[in-house]
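Work through the following exercises with the sequence and the model side by side. Each task is followed by a solution that goes step by step.

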Amino acid sequence: MTLPKERIYTAEDYWNLPEGHRAELIDGKLYDIAPPSYIHQKLVKLFHLVLSPMIMELNFLNTKMPV
């Protein structure tokens, strides 16, 4: 008895996934990705609120905005 061959997925397969389907294509394999958890989203927001003023104060983002 032979084992079934794994399918090798392509970029076209990835782009044809249903809208909103979260996945990564790595070496021909599709990996489902779980959405960020509520705690993860709250922590990202907290880091943004804390770090943004510091970054602006230190002038790390000294780039010119396009007109």
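**Exercise 1. Describe the salt bridge that Lys-29 makes, and state which parts of the chain it joins.**

Solution. Begin with the side chains: those of Lys-29 and Glu-6 meet in a salt bridge at 3.9 Å, N to O, where a salt bridge is a side-chain nitrogen of Lys or Arg within 4 Å of a carboxyl oxygen of Asp or Glu. Next, place the partners: Lys-29 belongs to strand β2 (residues 29-32) and Glu-6 to the segment before α1 (11-15), so the pair ties together parts that are 23 residues apart in sequence. Helices (H or I, at least four residues) and strands (E, at least two) are here DSSP runs, numbered from the N terminus. Then consider exposure, for which buried means under 20% relative accessible area, exposed over 50%, and partly exposed in between (1.4 Å probe, protein chains only). Lys-29 is partly exposed at 38%, whereas Glu-6, at 62%, is exposed. Finally, a search of the whole structure gives two salt bridges; one of them joins Arg-7 to Asp-13, with the closest N and O atoms 3.0 Å apart.

Before going on, note the basis of these values: the model is predicted, so that local features need pLDDT of at least 70 and side-chain atom pairs count only at pLDDT 80 or more, while totals for chains, interfaces and linings use all residues. Residues are numbered from 1 along each chain as its sequence is written, and side-chain values use heavy atoms, with hydrogens and water left out.

**Exercise 2. Set out the order of the elements and the overall burial of the chain.**

Solution. Count the elements: the chain has two helices and two strands, and from the N terminus on they run α-β-β-α. Turn then to burial, where buried residues make up 3% of the 67 residues in the chain. For contacts (heavy atoms within 4.5 Å), take those between residues at least 6 apart in sequence; of these, 0% join residues at least 24 apart.

**Exercise 3. Find the aromatic pair and determine how its rings are arranged.**

Solution. The search of the whole structure finds one aromatic pair. Tyr-14 and Trp-15 form this pair, which is edge-to-face, with 5.1 Å centre to centre and 80 degrees between the planes. The criterion is that rings of Phe, Tyr and Trp (its six-membered ring) pair if their centres lie within 6.5 Å, and that planes under 30 degrees apart count as stacked, over 60 as edge-to-face and the rest as tilted. Tyr-14 is partly exposed, with a relative accessible area of 27%, while Trp-15 is exposed at 66%. Trp-15 is found in helix α1.

**Exercise 4. Characterise the surroundings of Glu-24 and the loop that follows its strand.**

Solution. Locate Glu-24 in strand β1 (residues 23-26), where its relative accessible area of 40% makes it partly exposed. Leaving aside residues up to four places away in sequence, Glu-24 touches Tyr-14, Lys-29, Leu-30, Tyr-31 and Ile-33. Of Tyr-14 one can add that its C-alpha lies 7.8 Å from that of Glu-24, the two residues being ten apart in sequence. In the loop between β1 and β2 one finds Asp-27, which is exposed at 77%. The phi of Asp-27 is near 50 degrees, a positive value in a residue other than glycine. For comparison, most residues other than glycine have a negative phi.

**Exercise 5. Examine the span and bend of helix α2.**

Solution. Helix α2 (residues 38-58) has 21 residues and reaches 30 Å from its first C-alpha to its last, close to the 30 Å expected, the expected span being 1.5 Å times one less than the number of residues. Along α2 there is nevertheless a bend of about 30 degrees at Leu-51, and Pro-53 follows within four residues; the bend is the angle between axes fitted to the seven residues ending at a residue and the seven starting there. Just after α2, Asn-59 takes a positive phi of about 60 degrees.
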